[in-house]
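Hi there,

Here is the structure I promised to pass on to you. Have a look at it first, and then read on for what turned up.

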Amino acid sequence: MKRNNENLSLSDVLKEFVHENKLEKGLNKVHVRDAWGNQMGPAIKKYTTNIQLKNTTLYVQLSSSVLRQELSYGKEKIINMLNKELGEDLIKKLVLC
C-alpha cells in the first residue's frame, strides 16, 4: 500500500488493504455464514452443521433430512435472499447436504 498525501477514509484504506492482500475470498466466506444466520433465522441455523462457499457454490450441511427436503423446494429464493443481503451475486448454486 503506497502512502500518499490524499485524505482517505478508514473504509477506503481497509478496502484497499483487503484488495491488495487478496483477502476477499476469506471475508466472503464469513459474510455468507452471517447472511445465512440472519436470513434463515435461529430455528434453521440450529440444524445447520456446516457452511462452505467454494467459488460460487454454497454448500450447506443440515442435520435434519426433513428440513433439507423442505429447503430444497426454495433454493432459488434462498440464493436471492442471501445475495441481496450480501450486496452482490456471490452465490449461483446452493447444495443442501
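Leaving aside its neighbours within four places in sequence, which residues is N83 in contact with? The set consists of E88, D89, L90 and I91. N83 itself sits in helix α4, and it counts as buried because its relative accessible area is 6%. There is also a link to a distant part of the sequence: A35 is 48 residues away from N83 along the chain, yet their C-alpha atoms are separated by 8.6 Å.

Before going further, please keep in mind that this is a predicted model.

**The overall layout**

The protein chain is built from four helices and three strands. Following the sequence, you will meet them in the pattern α-α-β-β-α-α-β. The chain has 97 residues, and 29% of them count as buried. Its accessible surface is about 7200 Å², with 50% of that belonging to carbon and sulfur atoms. If you take the contacts in the chain with a separation of 6 or more, 51% of them come from residues 24 or more positions apart.

**The core**

The largest nonpolar core contains 20 residues. Within this core, the residues with the most contacts are V32, W36, L58, L71 and I91. Several elements each supply at least two residues to the core: the helices α2 (24-47), α3 (65-72) and α4 (75-86), together with the strands β1 (48-54), β2 (57-62) and β3 (93-96). Which of these gives the most? That is α2, with five residues.

V32 is a good place to start if you want to look around in there. Not counting residues up to four places away in sequence, V32 touches I51, L53, L58, L86, L90 and I91. Two of these partners, L90 and I91, are also on the contact list of N83.

**The strands**

How do β1 and β2 pair, and over how many bridges? They are antiparallel, with six bridges between them. One of the bridges joins N50 to Q61 in β2. The two strands make a hairpin, and two residues lie between them. N55 is in that loop between β1 and β2. Phi of N55 is near 55°, a positive value in a residue that is not glycine. N55 counts as exposed, since its relative accessibility is 68%.

The pairing of β2 with β3 has another sense: these strands run parallel, joined by four bridges. Here V60 has L96 in β3 as its bridge partner.

**Around L96**

Strand β3 is worth a look of its own. In a regular strand the side chains alternate between the two faces of the sheet. Along β3 you can follow this alternation: L94 and L96 point to one face and are buried, while K93 and V95 point to the other face and are not buried.

Why does L96 count as buried? The reason is its relative accessibility of 12%, as the cut-off for buried is under 20%. Leaving out residues up to four places away in sequence, L96 touches V60, L62, R68, L71, S72 and K75. Among them is L71, which is one of the residues with the most contacts inside the largest nonpolar core.

R68 is 28 residues from L96 along the chain, and the C-alpha atoms of the two are separated by 6.3 Å. For Q69, the sequence separation from L96 is 27 residues and the C-alpha atoms are 8.7 Å apart. Q69 lies in helix α3 and is partly exposed, because its relative accessible area is 42%.

**Rings and charges**

How many aromatic pairs does the structure hold? The count is zero. There is a charge placed over a ring, though: K54 lies over the face of Y59, at 5.6 Å from the ring centre.

Happy to hear what you make of it, and thanks for taking a look!

Best wishes

Methods:
Residues numbered from 1 in each chain as written. Predicted model: local features only at pLDDT ≥ 70, side-chain atom pairs only at ≥ 80, totals over all residues. Heavy atoms only, no water. Core = buried A, V, L, I, M, F, W, Y, C linked by side-chain atoms within 4.5 Å. Buried < 20%, exposed > 50% of the residue type's maximum accessible area, 1.4 Å probe, protein only. Contact = heavy atoms within 4.5 Å. Areas by Shrake-Rupley, 256 points an atom, 1.4 Å probe, with all protein chains shown as cover. Pairing = 2+ DSSP bridges. Phe/Tyr/Trp six-rings, centres within 6.5 Å; stacked < 30°, edge-to-face > 60°. Lys NZ or Arg CZ within 6 Å of the ring centre and 35° of its normal.
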